[in-house]
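The following account leads a new reader through a single protein chain, beginning with its sheet and ending with the chain as a whole. Please keep the structure in view while reading.

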Amino acid sequence: MIQLKGPMRDLPKNAFCSSQASLERLVGDTSPILVVTCSDHDRTCLKALNPQRVIWLQGAANLTRGEAAEATVEYALCKKANDIVICGHVACTSLRHILDSKDEDLPKAWQGIGSELRDRVETCYGQQLEDSQRGLITAAEHLLDQIERLVLQPCVQDACDGQLRVHVWLHSEEGDVLYVYEPASNRLYSGEEQRTRF
Ligand SMILES: [Zn+2]
């Protein structure tokens, strides 16, 4: 279990799924699933999802901003998607690029993301954070920024009042661990921990 210490997000907690039972239901369901992934992630950890049901929204570092991304979300909901999965990953070369670059060297839409994220991780975790955890924590905080932005779309807000279920997953390539985010506790649980908790 990993306790996150960043700000609590304005997320529709009633729509979030973080239990093992909900994951199994996701695999067994037959409706479309919107899956938000990163363009440099190999998706192996998503192989349990039926590819014929998946509507992919794939962009560098899971960035969910811009008209094309928003239109894809709207399209998935028009197709009666009952689930949104956002799956980030720790060994993300595009997020690394955003973090390591000066703003003026980045595309305009990405400027400010890296510096804000670095500052927030430093402020919230500071010296308590071991270097080995910094990459995972930074990827997690970035992923929550993206899902928070995504659920702000009016069509998603409306759907969260109905059937829509939201899943936030973070894949750590080291050890091949898939973490599931639980907004009520602001924690990440590994799949193995999920099985023992529910
Ligand atoms: Zn990536």
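**The sheet and its surroundings**

In this predicted model, seven strands make up an open sheet with mixed pairing, arranged in the order S1-S7-S6-S5-S4-S2-S3. The edges are held by strand S1 (2-3) and strand S3 (54-59); each has a single partner strand, so one side of each is left without a neighbour in the sheet.

Strand S5, residues 165-172, is a useful place from which to read the sheet. On one side, strand S4 (residues 83-89) runs parallel to S5, and seven bridges join the two. Within this pairing, Gly-88 has Leu-170 of S5 as its bridge partner. S5 also pairs with S6, here in the antiparallel sense and over four bridges. Leu-170 appears again in this second pairing, where it stands opposite Tyr-179 in S6. S5 and S6 together form a hairpin with four residues between them, and Gly-175 in the turn has a positive phi of about 85°.

How far is S5 covered by the rest of the chain? Eight of its eight residues are buried. In a regular strand, side chains alternate between the two faces of the sheet. In S5, one side carries Arg-165, His-167, Trp-169 and His-171, the other carries Val-166, Val-168, Leu-170 and Ser-172, and all of these are buried. Both faces of the strand are thus covered.

Beyond S5, the sheet continues from strand S6 (residues 177-182) to strand S7 (residues 187-190), which run antiparallel and are joined by four bridges. Here Val-180 stands opposite Tyr-189 in S7.

Among the helices, H5 covers residues 131-151. At 1.5 Å a residue, its 21 residues should span 30 Å, and its end C-alpha atoms are 31 Å apart, which agrees. Its buried residues include Ile-137, Ala-140, Leu-143, Leu-144, Ile-147 and Val-151, as well as the polar residues Thr-138, His-142 and Gln-146.

Taken as a whole, the chain contains seven helices and seven strands, which follow one another along the sequence in the pattern β-α-β-β-α-β-α-α-α-α-β-β-β-α. The radius of gyration is 16 Å, close to the 16 Å that the globule rule gives for 198 residues, so the chain is as compact as a globular protein of that length. Along its principal axes the C-alpha trace spans about 45 × 40 × 30 Å. Of the 198 residues, 34% count as buried. Among contacts between residues at least 6 apart in sequence, 69% join residues at least 24 apart.

Technical notes
Residues numbered from 1 in each chain as written. Predicted model: local features only at pLDDT ≥ 70, side-chain atom pairs only at ≥ 80, totals over all residues. Pairing = 2+ DSSP bridges. Buried ≥ 20, exposed ≤ 12 C-beta atoms within 10 Å, placed from the backbone. Expected span 1.5 Å × (residues − 1). Rg over C-alpha atoms; globule rule 2.2 N^0.38 Å. Contact = placed C-beta atoms within 7 Å.
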